[in-house]
Amino acid sequence: MGLFARFLSLWVLLCIIAGIALGNMIPGVLHALGEMEVAHINMPVAVLIWAMILPMLLKIDYSSLHEVWAHRRGVAVTVAINWLVKPFSMAALGYIFLRLIFADWLDPTEVDSYIAGLILLAAAPCTAMVFVWSRLVDGHPQFTLSQVALNDIIMIFAFAPIVGLLLGVASITVPWDTLFLSVLLYIVIPVILAYIGRKLLLARGRLDDVVHMMDPVSMGALLLTVVLLFGFQGKQILAQPLLILLLAIPITIQVYFNSMLAYWFNRRLGVAHCVAGPSALIGASNFFELAVAAAIALFGFESGAALATVVGVLVEVPVMLSVVSIVNRSKQWYEKDLVSQG
């Protein structure tokens, strides 16, 4: 592991500080970048995510996707965590922390809205950034792609009913334009381009060279994404730091809880580490574009729900990187006495 990768957490911390500083020093520039949206998807961030995920997509041997069936236990664990555990555990954590433990520090008229935002965040599993996390834990690329695609299909049918059940409302306004555009931008188009690019590069014997060349670009895009995300909310972070911290606590706990639960279940089932790693990460990360869009559609731009989903955006990268570190550092423990069951 090179110097850059070894101290990635430090670079992320510096980028968080830089983002908050830039958000307060040049708010006009960051606001202009933040306004560059289509269906609540920020286009500068979308471009950076492309730069992050394309190197991994180029590594996928699309002719061997059928082999994912061999990792069906990992798929089952991830689906169960994403749809049967995460939304409900987040609802429970939101109630415990925001309505009970932190009640004295929060506006009581906004608590329900904050909890609603947390539920929206947890009910939408991540689409794009998972490719980055999987790559950082040497995850099985075919498994990751197949699992993300499966989650996208399930999300079309399950997102509204689960959110409606947990929020106690009869009708949920699903931002379909955000959902479908995200799938198109982060799955369909990149996969098609990667498939064509892989065939061309293999024919010229250049695949390994190009992927190696793109690795620094991918990591640079990750760090620049952190700068932008924290820059967009720089003024708000400094304006109400306590509220941001209080909302971040249940979000952080649910990420660790769900990722480690998925990791443990995979080990119990004898799933290979290259599948368990991305399974744990997919089981914990969130589709923040959809969550933010749904919160705005349901409760308004200035609502507590919208703020809670934005805090989820801020928590996502640093917390998920810590989960990546745990998965990597525990590989020897995970594989000790592990009996693979295919």
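Start by selecting Arg135, which sits in helix α7. Keep in mind as you go that this is a predicted model. Arg135 may carry a charge label in your colour scheme, but here it is buried, with a relative accessible area of 14%. Show its surroundings next: leaving out residues up to four places away in sequence, Arg135 touches Pro55, Met56, Lys59, Asp215, Ser218 and Met219.

Now step along to Asp138, in the loop between α7 (129–136) and α8 (141–167). Check the backbone here: Asp138 is not a glycine, yet its phi is positive, about 55°. Is Asp138 buried or exposed? Asp138 is exposed, at 62% relative accessible area.

Follow on into helix α8 and pick Leu165. With a relative accessibility of 59%, Leu165 counts as exposed, because the cut-off for that class is over 50%. If you want a distance to draw, try Leu165 to Val79: C-alpha to C-alpha they are 19 Å apart in space, and 86 residues apart in sequence.

Next, go back to the other side of α7 in the numbering and select Cys126, in the loop between α6 (111–122) and α7. Cys126 is buried, with just 3% relative accessible area. Its contacts, again not counting residues up to four places away in sequence, are Val148, Ser285, Asn286, Phe287 and Glu316. For another distance, draw a line from the C-alpha of Cys126 to that of Leu10: the separation is 24 Å, for residues 116 apart along the chain.

Stay with Cys126, since this residue also helps to line the largest cavity. How many cavities of 30 Å³ or more does the structure hold? There are two. The largest cavity holds about 40 Å³ of space. To see its walls, select Ile49, Cys126, Thr127, Ala128, Met129, Tyr186, Asn286, Phe287, Phe288 and Glu289. By class, that lining splits into seven nonpolar residues, two polar and one charged.

Keep Asn286 selected and swap the rest for Ile251, Val255, Gly312, Val315, Glu316, Val319 and Met320: together these line the second largest cavity. Two elements, α12 and α15, each give two or more residues to this lining. Helix α15 has the largest share, with five residues. The second largest cavity has a volume of about 30 Å³, and its lining is made up of five nonpolar, two polar and one charged residues.

With α15 on screen, move to the largest pocket, where α15 again gives the most to the lining, five residues in this case too. This pocket has a volume of about 960 Å³. To centre your view, select Glu37, Phe232, Gln233, Phe301 and Val310, the residues nearest the pocket's centre among the 35 that line it. Then colour by element: α3 (27–34), β2 (41–42), α10 (207–232), α11 (234–239), α14 (288–299) and α15 (304–329) each supply at least two lining residues. What mix of residue classes does the lining have? The count is 17 nonpolar, twelve polar and six charged.

Time for the rings. The structure holds seven aromatic pairs. One to look at is Tyr263 with Trp333, a tilted pair with 6.3 Å centre to centre and 45° between the planes. Tyr263 is in helix α12 (residues 241–268) and Trp333 in helix α16 (residues 331–335), so this pair ties together parts that are 70 residues apart in sequence. The two partners differ in exposure: Tyr263 counts as buried, at 2% relative accessibility, while Trp333 is partly exposed, with a relative accessible area of 44%.

Before leaving Trp333, add Arg267 to the selection. The charged end of Arg267 sits over the ring of Trp333, 4.5 Å from the ring's centre.

For the last stop, select Phe97, Phe102 and Trp105, which ring pairs link into a cluster.

Notes. Residues are numbered from 1 along each chain as its sequence is written. This is a predicted model: local features need pLDDT of at least 70, side-chain atom pairs count only at pLDDT 80 or more; totals for chains, interfaces and linings use all residues. Side-chain values use heavy atoms; hydrogens and water are left out. On a 1 Å grid over the protein atoms alone, a cavity is a set of points where a 1.4 Å probe fits but cannot get out, and a pocket is an open set with protein on both sides within 12 Å along at least five of seven lines; lining residues have an atom within 4 Å of a point. Grid points are joined across faces, edges and corners, and a volume is the space filled by probe spheres set on the points. Helices (H or I, at least four residues) and strands (E, at least two) are DSSP runs, numbered from the N terminus. Buried means under 20% relative accessible area, exposed over 50%, partly exposed in between (1.4 Å probe, protein chains only). Rings of Phe, Tyr and Trp (its six-membered ring) pair if their centres lie within 6.5 Å; planes under 30 degrees apart count as stacked, over 60 as edge-to-face and the rest as tilted. A charge sits over a ring if NZ of Lys or CZ of Arg is within 6 Å of the ring centre and within 35 degrees of the ring normal. Contact means heavy atoms within 4.5 Å.
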